[in-house]
Amino acid sequence: MNADASRLGFYLLLAPILLWLVVLIILPHIGLFVVSISERVGPREYETGLGNYAAFFGEPLYWRTFARTAIMSILATALTLILGFPIAYYIAKLTRGRTKTTLFLMCMIPFWVSELVRTFGWMILLRETGVISNLLQYLGLVTGPVEMLYNDAAIMVGLVYTSILFMVVPLVTTLDSLDDSLIEAGYDLGGTSTSIMREIVIPHAMPGIVSGCIVVFMLSLGNYLTPILLGGKDSLWFTGMIYTQFITRFNWELGSAFGFLLLALSSLVVFVGLKLSGQSLSETMGRR
């Protein structure tokens, strides 16, 4: 009876997760795939085929934007790691008590508001009549208004800013579990700061690095608001093309194909990243 009750309790606890996965993830993706292989041959007449995927590879604008989105998302992930690692290391290893809590809280405060509000904040800072442009004119560094919006640099700033917390949190969690005595022993044995970072800190933090990179890359690749608002209406970002196919052109078949191509790209990059880092997905997520 006890074994049956425990098994029943396990299944009851597992049921909401399975229901969530099936209803909100698996079934929508199956439906999206079915739509993506449907070719419109007439009013409400469809045939199964790969014409939508062929249309993607046959149009240079589509696959060039696809490649551009992937490259910029990888670059944004790398920049986020470069900026986030020192922050996480300082919070986890160089602060204690209330100071650590305060700094961690300060990293989270900007994320108490929506991504839209944060992106508009950057627009106010970077536009030609914004804070930075006026400051540069006040200091005499420029002679007129400077427009810093609607370019790749503005997009990159927005992507890094909107996702850096998702890099810092797993890194702080992983680095916090590193025993300080290991670092002290490294110094006692004649190690330098660089060698200790390379031989002790980074290998220990690798699960946090990989998990943070996965999350940041996914967020950057699938971001819509930040590239469109900071890059302007002519910004070439693949999620904008997906939106156009679904909402503007009502071409759900091609939009679904674009969505599956984006899913395939993200899965491929994550797989390659795990292989290059020598990590497994279960190990990485388990040590966060």
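Biologist: In which helix is the place of L229?

Modeller: This is a predicted model, and the position of L229 is read from its helix assignment. The helix concerned covers residues 225-231, and its name is α11.

Biologist: Which residues does L229 touch, leaving out those up to four places away in sequence, and what separates the C-alpha atoms of L229 and T119?

Modeller: With residues up to four places away left out, L229 touches L116, T119, M123 and Y150. One of these partners, T119, lies 110 residues from L229 along the chain. The distance between the C-alpha atoms of L229 and T119 is nevertheless 7.4 Å.

Biologist: How are α4 and α8 oriented to each other, and why?

Modeller: Helix α4 spans residues 97-108 and helix α8 spans residues 165-176, and their axes lie 10 Å apart. The packing angle is about 155 degrees, and angles over 145 degrees count as roughly antiparallel. The orientation of α4 and α8 is therefore roughly antiparallel.

Biologist: Is the crossing of α4 with α8 left-handed or right-handed, and which residues of the two helices meet?

Modeller: Where α4 passes α8, the crossing is left-handed. By class, their contact holds six nonpolar and two charged residues, with no polar ones. The residues that meet are K100, F104, C107 and M108 of α4 and L165, V169, V172 and D176 of α8.

Biologist: How are α3 and α7 oriented to each other, and why?

Modeller: Helix α7 is made of residues 152-163, and its axis lies 9 Å from that of α3. The two pack at an angle of about 55 degrees, and the crossing is right-handed. In their contact, α3 contributes R68, M72, L75, A76, L79, T80 and L83, while α7 contributes D152, I155, M156, L159, V160 and S163. Given that angle, α3 and α7 are therefore oblique.

Biologist: To which classes do the residues in the contact of α3 with α13 belong?

Modeller: The axes of α3 and α13 cross at roughly 35 degrees and come within 12 Å, in a right-handed crossing. The contact is formed by Y62, F66 and A70 from α3, together with L254, F258, L261, L262 and L265 from α13. There are no polar and no charged residues in this contact, and eight are nonpolar.

Biologist: Which helix supplies the largest share of the lining of the largest pocket?

Modeller: The largest pocket has a volume of about 360 Å³, and of its 16 lining residues the closest to the centre are T77, C213, I214, V269 and G273. At least two lining residues come from each of α3 (60-93), α10 (193-221) and α13 (252-277). The lining divides into 13 nonpolar and three polar residues, with no charged ones. The largest share, six residues, is that of α13.

Biologist: Which helix gives the most to the lining of the second largest pocket?

Modeller: This pocket holds about 280 Å³ of space, and among its 16 lining residues S235, L236, G240, M241 and T244 lie nearest the centre. Its lining consists of eight nonpolar, four polar and four charged residues. Both α3 and α12 (238-248) supply at least two lining residues. With five residues, the helix that gives the most is α12.

Technical notes
Residues numbered from 1 in each chain as written. Predicted model: local features only at pLDDT ≥ 70, side-chain atom pairs only at ≥ 80, totals over all residues. Heavy atoms only, no water. 1 Å grid on protein atoms, 1.4 Å probe; cavity = no way out; pocket = protein on both sides within 12 Å on 5 of 7 lines; lining within 4 Å. Points joined across faces, edges and corners; volume = space filled by probe spheres on them. Helix = DSSP H or I, 4+ residues; strand = E, 2+ residues; numbered from the N terminus. Nonpolar A, V, L, I, M, F, W, Y, C, P; charged D, E, K, R; others polar. Axes fitted to C-alpha atoms, helices over the stretch in contact; angles between N-to-C directions. Parallel < 35°, antiparallel > 145°, perpendicular 65-115°, else oblique. Left-handed = near helix turned anticlockwise from the far one by under 90°. Contact = heavy atoms within 4.5 Å.
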